[in-house]
Number of protein chains: 4
Amino acid sequence: MRDRIRLGLVGLGRMGRFHAANLAGRIPQAELVRIVDADESIAHENADRLGGIEWSTSYDDLLDDPEIEAVIVASPTPLHAEMAEAAAAAGKHVFCEKPISLDLGRTYEVIEAVRSAGVKMQVGFHRRFDPDYRAAKQRIAAGEAGEVYIFRTSLRDMRSPGFDYIRGSGGFFADVTLHDFDTARWMIGEIEEVTAFGAVLSDPGFEEVGDIDNAIVNLRFATGALGVIDNSRVAGYGYECSSEIMGSRATLRIDNHRRISVQTLTPDRMCQDYVSDFVERFADAYRAEMEHFLTALREDRDPEVTGADAAAAFVLAQAADRSYREGRTISLKRKEQDGEIFYEEVG
Amino acid sequence: MRDRIRLGLVGLGRMGRFHAANLAGRIPQAELVRIVDADESIAHENADRLGGIEWSTSYDDLLDDPEIEAVIVASPTPLHAEMAEAAAAAGKHVFCEKPISLDLGRTYEVIEAVRSAGVKMQVGFHRRFDPDYRAAKQRIAAGEAGEVYIFRTSLRDMRSPGFDYIRGSGGFFADVTLHDFDTARWMIGEIEEVTAFGAVLSDPGFEEVGDIDNAIVNLRFATGALGVIDNSRVAGYGYECSSEIMGSRATLRIDNHRRISVQTLTPDRMCQDYVSDFVERFADAYRAEMEHFLTALREDRDPEVTGADAAAAFVLAQAADRSYREGRTISLKRKEQDGEIFYEEVG
Amino acid sequence: MRDRIRLGLVGLGRMGRFHAANLAGRIPQAELVRIVDADESIAHENADRLGGIEWSTSYDDLLDDPEIEAVIVASPTPLHAEMAEAAAAAGKHVFCEKPISLDLGRTYEVIEAVRSAGVKMQVGFHRRFDPDYRAAKQRIAAGEAGEVYIFRTSLRDMRSPGFDYIRGSGGFFADVTLHDFDTARWMIGEIEEVTAFGAVLSDPGFEEVGDIDNAIVNLRFATGALGVIDNSRVAGYGYECSSEIMGSRATLRIDNHRRISVQTLTPDRMCQDYVSDFVERFADAYRAEMEHFLTALREDRDPEVTGADAAAAFVLAQAADRSYREGRTISLKRKEQDGEIFYEEVG
Amino acid sequence: MRDRIRLGLVGLGRMGRFHAANLAGRIPQAELVRIVDADESIAHENADRLGGIEWSTSYDDLLDDPEIEAVIVASPTPLHAEMAEAAAAAGKHVFCEKPISLDLGRTYEVIEAVRSAGVKMQVGFHRRFDPDYRAAKQRIAAGEAGEVYIFRTSLRDMRSPGFDYIRGSGGFFADVTLHDFDTARWMIGEIEEVTAFGAVLSDPGFEEVGDIDNAIVNLRFATGALGVIDNSRVAGYGYECSSEIMGSRATLRIDNHRRISVQTLTPDRMCQDYVSDFVERFADAYRAEMEHFLTALREDRDPEVTGADAAAAFVLAQAADRSYREGRTISLKRKEQDGEIFYEEVG
């Protein structure tokens, strides 16, 4: 097996900093050698905090470094596609945060660029690496649940990230529901119909920016199974990610997490802490997805989450958006190409 | 306050026997004096088991008994309307199991018959009397949840009651989802849109009788809140009735019940019993709904669950059925009449 | 089988009122015909509330009523022995709240009086009739837990009943731990050693009345198994009664109860209600112990909880008290007599 | 702040391998440069697996390496004292697995050797670094629980490690209960009395080697609070570590962990996985204790868990052992010396 993989990382926002901290000392397969951020002080400070690694404000510095074998793209969404393509063109493997692009055509171009460069790409669907979801998926695959009848999942943020973020987010379904579409496909199988309902309930500002704050999305899987996703930007009580798979032989439930397993009992009530954001809920999953990426590179295998998966989830998010706006069910067709599944709306 | 209310009960199927056992010794406000079932041996045996009360195979015997002040109609659904009308005509108050009728027109006729006879009627929406649901409803009404964003509820039977029952059930939405429609209206408020998805997943026999075995129903409330109901005839693991109300100030969750609070730990796992049917889950609620009915009679007040509530839930069930069959959202209009809310489909 | 049992009840304190309300309409085998309390207005008011049954301030009126077959003794502890004896002498069966007496000799006299009168007596160890404890006991008896290694149980009151009560309570171990001694014997088996630790931690007033407010009691069973009981008068958060049986094949846990199964989620925390007193926790058990008593009478069987059980628990409580005061382990000897187990301290 | 700390580790048993894997890539403050095990193939293989670090069968090689600043002593217990002293003599900081020695005098000698060498030592009481225990400790320290009345804790192994291990373990109380003594002192405060009960219940082999397989240990704290510990070598269902602190203002409960948060529902029951050993339960705590040690070194602070803490827990374990063997309560006296607390039995 190969030694540690030498990595560069671009984008030191919240996810970028979290990945960088993991890669600089918590993941044995990784050697983070350079970080890049357009903001010089951010780049500098983070490099210091990580023990004095190289830093720069120029992505080209990273691409020009012949030592770097793979790039973590954690920059803002509008830069994902271009940066992933550039990394591939420089012969470097790519871990790209989702979504690859808010434009489906650009998404396909990146997939093609990666393919023709002969490098590997993994997309940031971290939930596939969460120990709970992974165990549930294995049980379903092993037939323990029998035939799946209903898949139900909740993904909710505690509070809205603010309208600046919302405006550039690609819309509710592409920004929030995207993860659930990937989880649904991964755990249960391919999807043939999407029907979405949305609402603005917490703040008219969502309407002003043409978006929503709560949604329920119905799925019909190719197997005939029914699915339902509920999402919120404003759950208030905490961050929620929990799922249920009701099958003919067993029903599986993936609970949300408690921050700590301490109960506090005061007169007449028992209380427990709840997780409040995705980094807290999915800390293990974020580490595990990086370990998966690096192990795939070291063993020269394709990562489990491909560009085609990202494209499929994005098509489903677009279908949800259209369903919501047009008030009707959207059907989907899929085709296989080079061993990958691609989706298309058919009305 | 008045003494015990003297009651007659007709129909000694599962619910009838359960109500009779409660009324004959577990509910202080009740004096069950006569039971009726078309099957002589059933009527006889149950009368014996209940300590030797009067029995008969003729409903008229019950109506002709001047001592009896109120009638519990627990007969098969096709007899509900006629028996409720006859009781009203005989000047007796009526507790009628749901649904009043599988025909909306007949439902309205019964409501009218009760009204013009000047008697009281309560319909068997027992969940309104479950201590958990009641506590949650009170908290919502007190503003503890704030504005409701999402209402989510699951009602699932462990196994199908058999195709003989299914054929006469009025269809999935009228037989199963009906309870959830009533709960949704009661807890959250009036409903303006229904979109239903159904599937036959466990047994093609459901298709043969023109019915389904699993469904997901989406609601839009007059407040704008979103709702989602999932139902199954074949959950397999047990009987499920659990709900969640996500609001701006708090989220409330009503758990399903465990049969007993004993955990069994064997190597590597911890197991708990789960409830398997509605009588087990709602034993307290069935007693409480009877106590409510009898207390209303003793205090000469209208019961909380009226014929109009039954009609509203039935219209919503019909809308779900049409939505499922036509693949589109059904909108509803409501009007107030004599202080009651009535619903109408508007396409 | 016999008809309803005609009952009288003496003592309308908290437990007496609770039993009376059950017997007057919630327990089909019972017909409560007369209640007695030394306080006329209490007797009168309760009789009214129960639908107009007979009442009196004289226990003799009850004993003289030839219709009454059995008596519920729910008077203050100092009156238990005398009233139970008088009932037996009058040929009436007796349900006696625990303890029979704070004097062991008097306890044996009552047992003998009942025996020679040929009537039946049940003592108020309600926990034996709680569905959770009963299910656990059956599983242990069926061998599901294998050989028991450790028995652990908690019984805690939310707050102290006040020093007036404490003074007449017979002391901490006789008033609180007594129930746990009975549960330990019933679930696991006979006890050979008791070592008790006590403390005054909440209020020096406990020391002034010669009592304690918290205790831990260690048991060694005849099988060699270890046991540990923790008790408190001042748990603060609520009423607690929960147990664990760790065995070679399985470990069983009996959870405490939640008042209702509703979770409330507010920012960063999830809370649930907790039970606050024994009537709330054991409402079903109190009904079930009465049903057991009445069924035993109707079927002419001995009740499951006998006077000898009460005496055994009392001897163990005395041993705990001596152990605490003398700072050493107390050993116990037991002998069988007339098919019953009796205990004796041996130092 | 200083760079990474260069470390050597001796002893590649289960804990040693686990620490080595953490130190070689999962802990950013660490640079593991050399591992030592008496078994050449074990040393060699582990060095390979960790990415090709230095290895040796001689502890002296490690001590002679001037680059190494600190040593992790994870060798068998009989070697702890000597290796810790040698490390101190070589001017290297020491992390020593518990217990330092099974001889109290030797324990004090090691503490003195470390002190006079001017190096730092941390002892492996990992539970102090578990996020749940740490959160509970902070809440207690902040007064959230009020005055503590009862401390209750369970530590149980799923199955016995085998008699070879048992023979060299120092006995049940020194091997198992030791952790609970440290936790009790750390969370609640100093201990004045210990009373222990033990039993051989699963296998007479425990008696043959002069040991026990189950125990209950009672504590009286200097504050007057009561404590109770239950321990087992043979819990059967899994590994258990859970605690409860009942206080005047609140009661805190630290739950045991589930391996994953997935519920599996099959007919009539709901099951969840349970942790089966300490590495699974305390994976985060083992990482955190190493991070704490390394951070203390980098910041030139004393680690939180000192040699005096190890000695105190060991004295308490010896007291428990004597209490069990002599059937009586053992009192303890403590004195402060150089700012540390030391214990002494006083009969």
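A crossing of two helices is left-handed if the near helix is turned anticlockwise from the far one by less than a right angle, and right-handed if clockwise. This model is predicted: local features need pLDDT of at least 70, side-chain atom pairs count only at pLDDT 80 or more, and totals for chains, interfaces and linings use all residues. Residues are numbered from 1 along each chain as its sequence is written, and chains are lettered from A in the order in which they are written.

Select first helix 8 (residues 172-187) and helix 12 (residues 307-326) of chain A, whose axes lie 8 Å apart at an angle of about 120°. Helix 8 of chain A is therefore oblique to helix 12 of chain A (neither under 35 degrees, nor over 145, nor 65 to 115). Viewed along the pair, helix 8 of chain A passes helix 12 of chain A in a right-handed crossing.

Next, display the contacting side chains (C-beta atoms, placed from the backbone, within 7 Å). Helix 8 of chain A contributes residues including Phe173(A), Leu178(A), Phe181(A) and Arg185(A), and helix 12 of chain A residues including Asp309(A), Phe314(A) and Leu316(A). Coloured by class, this contact shows ten nonpolar, one polar and four charged residues.

Move then to chains A and B, where each chain gives 30 residues to the contact. On the side of chain A, strand 7 (148-156), strand 8 (191-199), strand 9 (214-221) and strand 10 (226-232) each give two or more residues. That side divides into 13 nonpolar, eleven polar and six charged residues.

Finally, select chains C and D, whose contact takes 30 residues from chain C and 30 residues from chain D.

How values were computed:
Axes fitted to C-alpha atoms, helices over the stretch in contact; angles between N-to-C directions. Helix = DSSP H or I, 4+ residues; strand = E, 2+ residues; numbered from the N terminus. Contact = placed C-beta atoms within 7 Å. Nonpolar A, V, L, I, M, F, W, Y, C, P; charged D, E, K, R; others polar.
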